[in-house]
Amino acid sequence: MKKSFMALVMAGALTFSSCLGSFRAFNNLKDWNQTVSDSKFVNNLVFWGLNIIPVYGLFFLGDTL
């Protein structure tokens, strides 16, 4: 019982600590995407392309880990 409680407390401490970091790679990718072109249409196409090929997801996962 005591081990289960301690495991739950440790998992909660890791899960609910809001120390996520600056997400530098994800934010750099987002900033790059906004400056690809002057056209919002082209930027939107690049955004959707990077979401279909999960580049945004991989950058977010990499920053999180």
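How many helices and how many strands are there in the protein? There are four helices and zero strands. The model shown in these views is predicted.

**View 1. The whole protein is built from helices and loops, with the elements running α-α-α-α from the N terminus on.** Of its 65 residues, 11% count as buried. The protein exposes about 5,600 Å². Carbon and sulfur atoms supply 71% of that exposed area.

**View 2. Phe 23 sits in the loop between α1 and α2.** Helix α1 covers residues 2-16, and helix α2 covers residues 24-34. Most residues other than glycine have a negative phi. Phe 23 is not a glycine, yet its phi is positive, at about 50 degrees. Is Phe 23 buried or exposed? Phe 23 counts as buried because its relative accessibility is 16%, and buried means under 20%.

**View 3. Lys 30 and Asp 31 form a salt bridge through their side chains.** The distance from N to O is 3.4 Å. How many salt bridges does a search of the whole structure find? The search finds one. Asp 31 has a relative accessibility of 37%, so Asp 31 counts as partly exposed. Lys 30, with a relative accessible area of 31%, is partly exposed.

**View 4. Five residues make a nonpolar patch on the surface: Trp 32, Val 36, Phe 41, Val 42 and Leu 45.** The area of the patch is about 490 Å². Which helix gives the most to the nonpolar patch? Helix α3, residues 40-52, gives the most, with three residues. Phe 41 is one of the patch residues and lies in helix α3. Phe 41 counts as exposed because its relative accessibility is 59%, and exposed means over 50%.

**View 5. Asn 43 is a buried residue in helix α3.** Its relative accessible area is 13%, which means that Asn 43 falls on the buried side of the cut-off, set at under 20%. Which residues does Asn 43 touch, not counting residues up to four places away in sequence? Asn 43 touches Asn 33, Gln 34, Val 36 and Ser 37. One of these, Val 36, also belongs to the nonpolar surface patch. Trp 32, another member of the patch, is eleven residues from Asn 43 in sequence. In space, Asn 43 and Trp 32 are 9.6 Å apart, C-alpha to C-alpha.

Note on methods. Residues are numbered from 1 along each chain as its sequence is written. This is a predicted model: local features need pLDDT of at least 70, side-chain atom pairs count only at pLDDT 80 or more; totals for chains, interfaces and linings use all residues. Side-chain values use heavy atoms; hydrogens and water are left out. Helices (H or I, at least four residues) and strands (E, at least two) are DSSP runs, numbered from the N terminus. Buried means under 20% relative accessible area, exposed over 50%, partly exposed in between (1.4 Å probe, protein chains only). Patches are made of residues with over 30% relative accessible area and no salt bridge: like charges are joined within 9 Å, nonpolar side chains (Val, Leu, Ile, Met, Phe, Trp, Tyr) within 5 Å. Accessible areas come from the Shrake-Rupley method with a 1.4 Å probe; for residues, only the protein chains shown count as cover. A salt bridge is a side-chain nitrogen of Lys or Arg within 4 Å of a carboxyl oxygen of Asp or Glu. Contact means heavy atoms within 4.5 Å.
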